[in-house]
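Colleague: I am new to this one. Please show it to me, and then I will ask about its sheets.

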Amino acid sequence: MLRSCLALTTITATLIATGLPAAACGEEDKPASEKVRVSGEPGAVKNVKAVGNVPDAQGAIAMGFLQYGNRDVMAVSGEFGLKVYDLTKNPAAPKLIGEVSLPGLWETEDTEVDVKRKLVFLARDPRAYGGTTQTGESGIYIIDLKNPDKPAILSYTKVPAGHTTSCVDDCRYLWTGGPAKAANQPADWGGRPIWVTDIRDPRNPKTAPDPIELARNDGKTDYVHDVQVDDEGVAWVSGRGGVRGYWTSGYHRDPVQGKVRRATAFSPVPYAGGGIEETAAPSKFMHNSFHPSGHRSADGADSNRWRGRDLIYATEESFLDGCAGDGVLTISSLQNSYNGEGWRSTPEKPFRLKSVGTWSVAGQEGSDTTTGDCSAHYFDVRGKVLVQSFYTQGTRFLDVSDPTDPKQIAYFRPADAAAWAPYWHKGYVYVADNTRGIDILKLTA
């Protein structure tokens, strides 16, 4: 059976059993009646110390960090809206200092912050406040955090997409994508692409009427899930059909148009990327990605030469009965994708990135064997250590110094885990856990 978030009956059965919302992969509506999560095996921990927990952040989905001189602040988004915590005195015991109450908000995945202007951007999914993908309203809240003790909604604007919203071009613009298409959107779309919003004046956002990042899935317009911008400003767009990178500023050669032109957030220049090999990601649904900084190497003949700009790390999110078929972390080579190959891919002549390595939590040490939920979710990378959330399978630390052979070096899986996203911050890992709130972890080995 093809791994796909579109397998509604599979998603619903699996996620109700684990107590996670079916909307976790952004495809379908949450079950009408969600059951309380039943814990499986006892928790498991190795080479990690849990140094703190924030239970009043239950419902957490994502977070970002802001600096105010010597003051260290964490903004946590979730089903409650936004909560702001001070980490300055004790980073293992965050102190709640402010809140924007939006009970029923969905989903705010990968919430981003503008560290210069002290703004937070919350994506309103059409399923928020009891809505549906077919008819619900989607949009973007911009929260002013110039005074972190008194966060306030600066503006709200309707946008035709709203599962995630991401900064591009130094946070002057937002790219907003997902989830599944609305009833009034083209019948041949497989999901919502990207709409661009000008936020240079955050009190008066302006969204362009026409979307971008079309025809991403072998020529079909499909679901864009999220965007991550690398250290050189390339925006990597993940969704059904793989991962494609774009320049959003400056002058660059456009390999599709065959000329040098100016890149903008509204008319980005293709850079590299494409579909992921189906042997690595059968669902074709790539959830989020990471592109290492550095320079592209001349070749990639062996694992010691995979470095810098040659690789794209991406997560496949999918749920099937049993762990073996669930989504994995994929590592692929970007070689042979710099000439627009990913933009010319068709079902008859598909282009795929070469898979270098994969890692799945299924069957790994520390896993709960009683649950059928093993899908990968958000991850963060510092140096050669990748930390990743796997919902009920908790948080996993991987050594990716050899990307062809990722190795688990530590894990933290409480019995009631619902880990959605981990973040490295000043030597700690802060985990947004939808059940537990925020877990604060420190590697011990």
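Colleague: In E31, what is the bridge partner of Val48?

Modeller: First, the ground rules: residues are numbered from 1 along each chain as its sequence is written. The model is predicted, with pLDDT of at least 70 for local features and 80 or more for side-chain atom pairs, while totals for chains, interfaces and linings use all residues; side-chain values use heavy atoms, without hydrogens and water. E2 pairs with strand E31 (residues 437-443) in the antiparallel sense. In E31, the partner of Val48 is Leu443.

Colleague: Over how many bridges do E2 and strand E31 pair?

Modeller: Strands are DSSP runs (E, at least two residues), numbered from the N terminus. Two of them pair if DSSP finds at least two bridges between them. For E2 and E31, the number of bridges is six.

Colleague: Which are the edge strands of the sheet E2-E31-E30-E29?

Modeller: This sheet is open, with four strands and antiparallel pairing. An edge strand here pairs on one side only. The edge strands are E2 (48-54) and E29 (419-425).

Colleague: What order do the strands have in the open sheet that holds E3?

Modeller: That sheet has four strands in antiparallel pairing. Its edges are E3 (60-68) and E6 (95-101), and each pairs on one side only. The order is E3-E4-E5-E6.

Colleague: Which residue in E5 stands opposite Val76?

Modeller: Strand E4 covers residues 71-78 and strand E5 covers residues 81-86. They pair in the antiparallel sense over six bridges. Opposite Val76 stands Lys83.
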